[in-house]
Amino acid sequence: MAQPAEASQTIELAQTGKRDYLKALETKYQEQWASQHLFEVNAPSPSELQGLSKAEAMQKYPKWFGNFPYPYMNGSLHLGHAFTISKIEFAAGYQRMLGKRVLFPHGFHVTGLPIKASADKLVREIEMFGEDFEDFERVQADIMRQAEAEEPSSSEVGDSATIDKSKGKKGKIVAKSSGHKYQFQILLSIGVPRSDIKKFADPMHWLVHFPPIAIEDHTAFGSRIDWRRKFLTTKANPYYDAFVRWQVNKLYKLGKIKFGERYTIYSPKDGQPCMDHDRQDGEGIGPQEYTAIKSEVIEWSSAAKNLIEGKVGGRKVYMVAATLRPETMYGQTNCFVGTSIKYGIFAVNDKVAYLCTYRAARNMAFQGVTEIRGTIDQLLEIDGSKLVGTKIRAPFSINPEVYVLPMDNVLATKGTGVVTSVPSDSPDDFQTLTDLRKKADFYKIDPSWAAIDPVPVISTPTYGDLTAPAIVKQLKIQSQKDTKQLAEAKEIAYKEGFYSGTMLVGEFKGQSVQEAKPKVRESMIQVGLAFAYAEPEGMVTSRSGDECIVALMDQWYLDYGEPMWRSQVEKHVASMELYGPETRNAFAKTLAWLNQWACARTYGLGSDMPWDPQYLVESLSDSTIYMAYYTVSQLLHENSIDGSKPGPLGITADQMIDEVWEYVFCDGPWPSSASLPQEKADALKHEFNYFYPFDIRSSGKDLINNHLSFALYNHVAIFPQDKWPISIRTNGHLMLNGAKMSKSTGNFLTLRDAVNKFGADACRLALADAGDGIEDANFDEKNGNANILRVHTLLSWCEEMIKDEANLRHGPRNYHDEVFENEINDLINTTQTHYDALNFKDALKFGFYELQSARDWYREVTSDLARWPTPQKPVDRTRIEIGQYMRGTVKMIRDAETALVKMLNKNKGKGKGATASFDPKKPKSVRVYVATSFPAWQESCVQAVKAAYDSEADKVDDAKVRALLTESGLIKNKLAMPFIQAFKKRMAQLGAQTAFRRTLPFSEKVVLTELLPYLKKTLSLVDAEILSVDEAHAKENEAGYSKSIIDSSEPGSPAFEYRNV
């Protein structure tokens, strides 16, 4: 059965001859690199380092160690992976050219839920559709017929707003039958043969299938990776498993891993915490803790009474509202519900029941709120509209009994669906209450239900005792439908109340809100009128498709955020190179909020928690210090990704006990229990001490919130300070052709797709050109296609020059040789600066495009794997300016002729052609007038600016300039003020002293005389003359010399006059 092809937004190449030629060359040299083991690097031998200090060793044998987050092996590498990888790849090539020992390793992450969840999906799909999915169409047809049969009629449906979507089976059926892909379809779409798909029902098959594909793709891309060091995570590699065991054991002994009750994002379906890497949607979302307010129902509304009485088993029912502001509960005037929301009454025990949404009840069931953990006992379901008019007790409120009223903006997806109303301090509550009072009949309420006025609870210096009404009036909010303005008002009110507010009522009257808030909460909980409640900050979906909740559970967690530990990390971050303020600020924000992190799970792939093997170490906790493992992996299991083959030292995995790892990585004592010779451990230690710490880690910016911060915490806890990371570089996401990469839209490329389409070099150039900042970058396929021609043209020229070497110009160097050499040296230095800063887009600009532009100019004006080039002498800035002057002058002369021709054609159209003194079609010559001084009025203006300039303040006194111009009479000159404004801009650009100097560092006449042969050839001139302004004025009475043109010449900007000869 063929799968329907997705529409592609990527381009197709019309002709591929040049690309194929380049790809053949790339393959040829990649094979040579592999045969020569070019990228396999080791530390200098102990004998080479004998007698050298660490600093001396680094000076004699410099090293560079760069890495990036190892990719997860549930698919092929895509272009986004390649973009982050390219930052290390480009830097590795540069560092090699500096003569360093460059270590660029690559491992493969397989820990966690995704692979196991995908394998389990395949098991179910094989049961549904057959071993080779041969029954897929028949089963799908049956599902569709069943769905249609179960479709309720319109009369049965009624108001669509009252349908309980959480309970219908049809939603899942429709989702799958209307485009949702099964796991076998996903594997088909990435090229796995149908007959092989059943193998992926075993999660271990994923581990042997995808890593070789990644290695092939890297090789085709030209990555400079030492593949001897490759490894898999989890128990699939016993050496890495032993490494993780040592890591978590050490953290546990240091008190960094603890056990206790805490809120965590949890998947009831999977039966375990759902951490970031386990999620299909919602990465980065954590628990949000509320205070759940219990409002006892005194009297049901008439509509609710008929539905509820006799169905709750005599239980006392409480409407439960979730609030972030318990300190405001003194000011409750009513309670709100959403009229289109479905609510349930859920049994807590045999005496108490809570009214809230099913979503909230599901969270509560896993937080110790209900009698039986995980059990949701729904007694009945009721529309929110039927609850309006119910009378309840308002805990802690000055008004002890209030009514339930309708509110347009209540969300079923946030909180419990029940909202306490405090109109004194909540703009939403105040505006809704105002609307209800104005339109009681429209909202179908008894006006007496909304009769209680706002009660002052908190006083603020800006808004007084009634903050919300004051802000609503200030922002001119007219209705609860003004959601944008209300959101702004809410933020203002909450910040003002929390940071500046003082309590006016209650037990903690007179205290600041910051002091009173936790006290009020604790007091309400102690008397049984509230309880702690939490839910995800947003929607989180696990890889298994489960909507996650927040569970309160005993678990192992890493105590990130512990004050002393956090302080050490923050201090180290301050000392690191982070390549930009955005990354530094992101780390600061993350470290400010990051705290306890669940580090164990019961489902998926991973290493056992050593002291509690019912748990596995979760995927973001076994991947924090593996960069250190790279330094020794080739000695433990060289070229053996799963560690099945011991490396050159013959060490077995069971010999790598915790004490040996501690000896190797942290200079611990040599253990008497070790079963391997100490000299073998010394060999491991030798490699580690040479390459560590790593010099740079490149990563997407989204990992700052978890992986990168975790890595810093773990390094600080486990290693001595001289082994802590030196730098971290982050990048944004990669767009493709200006749009987000997406498989569903077809705007998607794997690394293999890109290299197959454009070749490695063209692809690498496009990635370098995509961008370097933390903002999102863009891979432009049109640029990739153009790069094929660029590389092919450059290669052809190089081959041509080599073949024609004997015929190239030899002998003494001329003027243009000197200019060209200085331009090349300047571009070398500029490019190196950008390589050092990891700004590869600018390195490409100056080291590729500008270099070729300089070459092209040099070739035109004179047409009668290596180490990083080091200029042989300092750059002569004067020569650089001469080169720029020559190119600019040639362009000005061309432009002058173009302007002259346009003017002549314009005059000809007006009947003035008979007076034309120049015909561009006839033999022509040009005179170039060179000035050595500026007009006297300009000099006077400059002197006025200079006299008004304060060098200490770096500022010009404009009033003084005007006074001096008035005194000299220049104020009447219409050219004076525009000239002064332009001169001040020049001061800002070049500096005051340079601007005041106003002299060129070379002789224009000499430079232009050297340029004359080229001028004649390129402009098709019979002759050209270079005259000073003084020489030209002496001849201005002769034909062909125009005083106005001569006078327009200024130093650095000669004037030109064409004539026929």
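Asn639 sits in the loop between helix 20 and helix 21 (658-666), where helices (H or I, at least four residues) and strands (E, at least two) are DSSP runs, numbered from the N terminus. Phi of Asn639 is near 60°, a positive value in a residue other than glycine. The model here is a predicted one, in which local features need pLDDT of at least 70 and side-chain atom pairs count only at pLDDT 80 or more, while totals for chains, interfaces and linings use all residues. Residues are numbered from 1 along each chain as its sequence is written, and side-chain values use heavy atoms, with hydrogens and water left out. Another backbone detail turns up in the loop between helix 22 (678-691) and strand 23, which is where Pro693 is found. The peptide bond joining Tyr692 and Pro693 is cis, with omega at about 10°. As background, most residues other than glycine have a negative phi, and most peptide bonds are trans.

Strand 23 also belongs to an open sheet of four strands, ordered 2-1-23-24 with parallel pairing; two strands pair if DSSP finds at least two bridges between them. At the edges are strand 2 (101-103) and strand 24 (728-731), each pairing on one side only. On average, neighbouring strands in this sheet are turned by 20° against each other, direction ignored (axes are lines fitted to C-alpha atoms, for helices over the stretch in contact, and angles run from 0 to 180 degrees between N-to-C directions). Strand 1 (residues 63-67) pairs with strand 2 in the parallel sense over three bridges, and Trp64 has Val102 as its bridge partner in strand 2. Helix 20 (residues 626-637) lies across strand 1 and strand 23 (696-700), running at about 125° to strand 1; contact means heavy atoms within 4.5 Å.

A second open sheet, this one of three strands, has the order 26-25-27 and mixed pairing. Strand 26 (739-740) and strand 27 (777-779) stand at its edges with a single partner strand each, so one side of each is left without a neighbour in the sheet. Strand 25 (residues 734-736) and strand 26 pair in the antiparallel sense over two bridges, with Leu736 opposite Ala739 in strand 26.

As for empty space, the largest cavity has a volume of about 80 Å³. On a 1 Å grid over the protein atoms alone, a cavity is a set of points where a 1.4 Å probe fits but cannot get out, and lining residues have an atom within 4 Å of a point; the volume is the space filled by probe spheres set on the points, which are joined across faces, edges and corners. Of the 13 lining residues, Phe346, Ala347, Ala361, Met364 and Thr370 are the closest to the centre of the largest cavity. Strand 9 (342-347), strand 10 (352-356) and helix 13 (358-364) each supply at least two residues of this lining.

Methods
On a 1 Å grid over the protein atoms alone, a cavity is a set of points where a 1.4 Å probe fits but cannot get out, and a pocket is an open set with protein on both sides within 12 Å along at least five of seven lines; lining residues have an atom within 4 Å of a point.
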